[in-house]
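Colleague: Before I rely on this model at the bench, could you take me through the terms used to describe it and show what each one rests on?

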Amino acid sequence: MNTTGTALPPQPFIGAALSNDGLISGRRQTPWESVVRVRSRRTWFGAVVSVIDTTNQVHSLRFSSVDKAHRALVWIEERIYEPVRQRLNERRMTVAEMRAELHRLLAAEPPDARPVADLLLAQGLFHRASDVHLEPGQTNGYLRMRVSGAFVPLAECSPAMFQRVLNRIKVLAGIPTHIQGQPLESRLPLENWRAGADARVTVLPTVHGDRAALRFHAEDLAPKELAALGLPGEALAGLSAGLQHEAGLILVTGPANSGKTTTLYACLRHVIQRKGHATGIFTVEDPVECRLPGAVQTAVDPQHGIDYIAALRNILRQDPEVLMIGEIRDRETAAAAIQASLTGHLVLSSLHCGSPAEAIIRLLDMGFEPYRISSSVRGVLNQRLRPVPCGCDGADGCPSCPGTGVKGRRAEGEWFEITEAVRRLILDRPMIDDLEALAAASSLPAAFDPPALLPSDAQRADYHQPAPAGHEGGQK
Ligand SMILES: [Zn+2]
């Protein structure tokens with residue numbers, strides 16, 4: 001809380017200022033005045049609301065705390081601007097159109113950050129951006145989005161306007177705007193734009209001020225079915241067969257942001273469809289990225305003492321049959337995953353590494369007995385995301401891509417089954433080369449071409465929305 005009494009930063013709300021002692025004031029004839037007039041005689045947000053001055057063209061409301069005042073502002077905004085927001089941004093703009101519109105909005109008088117934020121959110125969804133970034137610089141602020149792994153610069157603006165846009169995003173994400181210079185994380189609901197969509201907003205203090213990143217998540221856009229991931233047929237068949245097991249550990253590997261989580265969700269949906277909702281299907285994730293009907297999902301919350309281990313310990317007392325552990329990050333999580341898979345549970349998880357052989361070596365290096373690894377792991381899916389070329393010349397006005405020449409990505413992967421031969425090799429504590437050789441011979445399809453092992457910028461980014469409009473999730 002800002003209790004120093006210093007001047008507050010520019011407020012996101014047109015014509016209204018929120019002071020740190022809980023006073024909202026603004027010019028009269030602003031759009032919120034009518035709501036204020038109706039509401040002002042009642043108790044509102046637990047505070048006695050009083051109109052302090054209605055004659056001097058200044059309209060003020062006093063709340064008992066800055067928090068209540070802030071919530072009141074959000075309330076006013078939602079009621080008044082909701083209909084406007086729905087009318088705006090009803091179609092997908094090209095990137096050239098977005099830049100022109102942002103240029104106009106960012107220079108408008110009086111300054112108004114709302115349409116800027118709305119445009120970033122709505123068009124970000126239309127473009128299936130994975131992220132939108134608000135980055136403060138030394139002299140200016142920069143707005144960018146990332147689509148199919150590539151950064152798309154959108155606009156540059158003055159520090160004052162940048163602060164307004166940033167505050168507007170904070171308001172929408174329920175973060176009080178007077179909190180500055182602290183790392184923050186919150187959820188920004190986007191149901192107004194698209195059903196089941198939201199964004200995770202993270203704020204990072206930098207030497208030039210707060211930087212915000214919005215990571216989009218839209219349920220209807222992520223590939224739901226295994227077959228829609230775009231995996232080669234052999235890898236898909238291997239993975240599907242692996243999911244038939246009643247017990248064992250199935251790992252999805254790949255570099256950061258190679259679509260591992262999307263694949264894990266598709267695997268779970270596959271299992272839920274096959275087994276039905278009655279089965280005990282549990283997940284532990286950090287954070288829960290997608291609500292999955294038929295599964296019991298738990299989010300890791302270290303601040304409240306819920307880490308992977310604590311959550312898993314409780315889940316195992318709840319009689320699970322299938323368990324998804326978002327990521328194996330350390331020996332303890334790996335031990336829990338292996339133990340659960342050896343005691344009659346099907347366990348799905350991901351591991352950040354470059355090849356299936358590396359995954360096995362990592363587990364051996366963590367100090368597990370080879371026989372435990374060989375009898376628990378059923379198979380490893382190693383995957384990457386490959387950009388799907390647009391076919392255009394990368395022009396700004398391309399209707400199918402944001403001028404990057406890339407229109408979405410699809411998963412590419414190999415399935416490494418732990419066959420009898422692999423099992424025997426693991427028992428001998430193999431060197432990585434031996435395991436790589438056997439993996440190369442037995443993976444389906446044959447392992448990647450070497451260049452694919454070096455993820456380019458385009459492959460490094462996460463994807464929740466891999467394919468552009470008109471193409472079903474992840475397919476070519
Ligand atoms: Zn294009």
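Colleague: Where is the place of P287?

Modeller: Please keep in mind that this is a predicted model. P287 sits in the loop that connects β13 (281-285) with β14 (296-299).

Colleague: And what is omega for the peptide bond from D286 to P287?

Modeller: Omega there is near -10°, and the peptide bond from D286 to P287 is cis. Most peptide bonds are trans.

Colleague: What makes D319 count as exposed?

Modeller: Exposed requires 12 or fewer other C-beta atoms within 10 Å, and D319 has 9 such neighbours, so the residue falls under that limit and counts as exposed. D319 belongs to the loop between α8 (308-316) and β15 (322-325), and its phi, near 60°, is positive although the residue is not glycine. Most residues other than glycine have a negative phi.

Colleague: How do you know whether R429 is buried or exposed?

Modeller: The count for R429 is 12 other C-beta atoms within 10 Å, and because the definition of exposed admits 12 or fewer, R429 is still exposed. R429 lies in the loop between α12 (420-427) and α13, with a positive phi near 50° in a residue other than glycine.

Colleague: Why is α10 called oblique to α13?

Modeller: Helix α10 (residues 356-365) and helix α13 (residues 432-442) pack at about 140°, their axes being 8 Å apart. Roughly antiparallel would need an angle over 145, and roughly perpendicular covers 65 to 115, so an angle of about 140° fits neither class and α10 is oblique to α13. The crossing of α10 past α13 is right-handed.

Colleague: Which residues make the contact, and how do they divide into nonpolar, polar and charged?

Modeller: From α10 come P356, A357, E358, I360 and I361, and from α13 come I432, L435, E436 and A439. The residues of this contact comprise 7 nonpolar and 2 charged, with no polar ones.

Colleague: What makes β14 and β18 the edges of their sheet?

Modeller: The sheet is open, has 7 strands with mixed pairing, and follows the order β14-β13-β15-β16-β12-β17-β18. β14 and β18 each have a single partner strand, so one side of each is left without a neighbour in the sheet. From one strand to the next the twist averages 20°.

Colleague: Why is strand β18 called largely enclosed?

Modeller: A residue is buried when 20 or more other C-beta atoms lie within 10 Å of its own, and 11 of the 12 residues of β18 (residues 406-417) are buried, so the strand is largely enclosed by the rest of the structure.

Colleague: How do you know that β17 pairs with β18, and in which sense does β12 pair with β17?

Modeller: Two strands pair if there are at least two bridges between them, and 10 bridges join β17 (residues 377-389) to β18, the two running antiparallel; L385 stands opposite A411 in β18. Strand β12 (residues 248-254) pairs with β17 in the parallel sense over 5 bridges, and L251 has V380 of β17 as its bridge partner.

Colleague: What makes β8 and β9 edge strands?

Modeller: They belong to an open sheet of 6 strands with antiparallel pairing, in the order β8-β7-β6-β11-β10-β9, and β8 (150-157) and β9 (184-189) each pair on one side only. β9 is joined to β10 (residues 197-206) over 6 bridges in the antiparallel sense, with E185 opposite T202 in β10.

Notes. Residues numbered from 1 in each chain as written. Predicted model: local features only at pLDDT ≥ 70, side-chain atom pairs only at ≥ 80, totals over all residues. Axes fitted to C-alpha atoms, helices over the stretch in contact; angles between N-to-C directions. Helix = DSSP H or I, 4+ residues; strand = E, 2+ residues; numbered from the N terminus. Parallel < 35°, antiparallel > 145°, perpendicular 65-115°, else oblique. Left-handed = near helix turned anticlockwise from the far one by under 90°. Contact = placed C-beta atoms within 7 Å. Nonpolar A, V, L, I, M, F, W, Y, C, P; charged D, E, K, R; others polar.
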